Amino acid sequence: MKKWLLLLSALLCLPALAAPLPVAASFSILGDLVQNVGGERIQLVTLVGPEQDAHIFQPTPADVQKLGGTRLFFINGLGFEGWQKRLQQASNYRGKVITVTQGISPLAMKDEQHGHSLDPHAWQDPVRVQQMVKNIAEALSTADPAGAADYQARAASYSKKIDQLMAWAQQEVASVPPGKRVVLTSHDAFAYLGQRFGIRLISPQGVSTESEASAKDVARLIRQMKKEGIRALFMENISNPKLIEQIARETGTQPGAKLYSDALSRDAATGNYLGMYRHNIGALVAGMKENK
Ligand SMILES: [Zn+2]
């Protein structure tokens, strides 16, 4: 009898004893999604960390090594990680690359000057994130079939939280009169959010933080803000604040709370996707209510 009990307890402990699946995620927001689905069955490394800009990331030899040891490499795709192929080559990558935006309908970029024509910032739409979560669960289940039920359950429970976030965000935005739903941000990272919630977005910088706004564009924006009475103006955690500060000075406005566009924060409250999104919606709504 005792032998049986020992054997049983050994069997029950097996999943916990199995080595976690080593996976990588390209940037902090995606890393959080992967971690939520993977739970304790995965060992995650995230390449572009909180408060860092993935548009201009330069992988180091340490990054090459980090990626090399993983079996799955989760990327956003849509041209976001311009450095991804070089990094894979440098680390002689043998794992599988998973593009989490597979199957979502991407938005086109406003200007086509940058060589690629799709807007990468799809995580700014919680509905599209639902598809990403599904893709993550599928990829993990394929790589680690013993954990499939666990991944699906975790994905389903996380997906419910995204539904709740959506319902809350819709209510919040609905409290702003439609005519006031316009916002100025430093780089064009919120088109998906704007489309989902019916918010008009303007920005002096293009879709990538690599581009620079021309003096003419900035002057035009300042005229537009004055004419339309736009007072909702925001800086982002990854962008240089100078331009927004200049526009704020020249239009006599006060920038709202910092928005998280392409990276999580290091603070606990905005250090995860759900918290980051709540913060952004709260800040945007407060800002839009100041519009005339
Ligand atoms: Zn961006």
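Here is a short chat about the fold, salt bridges and backbone of this predicted model.

Visitor: Let's start with the basics: how many helices and strands are there in the protein chain?
Guide: Those elements are DSSP runs, numbered from the N terminus. On that count, the protein chain has ten helices and seven strands.

Visitor: What does the globule rule give for 292 residues, and what is the radius of gyration of the chain?
Guide: For 292 residues the rule gives 19 Å. The protein chain comes close to that, so it is as compact as a globular protein of that length. Its C-alpha trace spans about 80 × 45 × 30 Å along the principal axes. As for the radius of gyration itself, the value is 21 Å.

Visitor: And what share of the residues counts as buried?
Guide: To count as buried, a residue needs a relative accessible area under 20%. The accessible surface of the chain comes to about 14,300 Å², with 54% of that belonging to carbon and sulfur atoms. Of the 292 residues, the buried share is 50%.

Visitor: What part of the contacts with a separation of 6 or more comes from residues 24 or more positions apart?
Guide: Take the contacts in the protein chain whose separation is 6 or more. Residues 24 or more positions apart account for 65% of them.

Visitor: On to charges: how far apart are the mean positions of the positive and negative ones?
Guide: The chain carries 32 positive and 26 negative charges. Their mean positions are apart by 4 Å.

Visitor: How many salt bridges does the structure hold, and which residue does Asp 144 meet in one?
Guide: The structure holds six salt bridges. In one of them, Asp 144 has its partner at 2.9 Å, N to O. Asp 144 sits in the loop between α5 and α6 and the partner in the loop between α2 and β2, so the pair ties together parts that are 103 residues apart in sequence. That partner is Arg 41.

Visitor: Is Asp 144 buried or exposed?
Guide: The cut-off for buried is under 20% relative accessible area. Asp 144 has 13%, so it counts as buried.

Visitor: What about Asp 125 and Arg 196: how far apart in sequence are the parts they tie together?
Guide: Their side chains meet in a salt bridge at 2.8 Å, N to O. Asp 125 lies in the loop between β4 and α5, while Arg 196 belongs to helix α7, so the pair ties together parts separated in sequence by 71 residues.

Visitor: Which of those two is buried, Asp 125 or Arg 196?
Guide: Arg 196 has a relative accessible area of 32%, so it is partly exposed. At 0%, the buried one is Asp 125.

Visitor: Which residue joins Asp 125 and Arg 196 in one network?
Guide: The network comes from salt bridges that share partners. Alongside Asp 125 and Arg 196, it takes in Arg 128.

Visitor: Which residue forms a salt bridge with Arg 200?
Guide: The closest N and O atoms of this pair are 2.8 Å apart. The bridge links strand β6, home of Arg 200, to helix α8, 28 residues apart. Arg 200 is partly exposed at 42%, and its partner, partly exposed at 32%, is Glu 228.

Visitor: Last one: what is the phi of Asn 92?
Guide: Asn 92 sits in the loop between α4 and β4 and is partly exposed at 48%. Its phi is positive although Asn 92 is not a glycine, at about 50 degrees.

Conventions: Residues numbered from 1 in each chain as written. Predicted model: local features only at pLDDT ≥ 70, side-chain atom pairs only at ≥ 80, totals over all residues. Heavy atoms only, no water. Salt bridge = Lys/Arg side-chain N within 4 Å of Asp/Glu carboxyl O. Helix = DSSP H or I, 4+ residues; strand = E, 2+ residues; numbered from the N terminus. Buried < 20%, exposed > 50% of the residue type's maximum accessible area, 1.4 Å probe, protein only. Rg over C-alpha atoms; globule rule 2.2 N^0.38 Å. Contact = heavy atoms within 4.5 Å. Areas by Shrake-Rupley, 256 points an atom, 1.4 Å probe, with all protein chains shown as cover. Lys, Arg positive; Asp, Glu negative; His and termini not counted. Charge placed at Lys NZ, Arg CZ, Asp CG, Glu CD.
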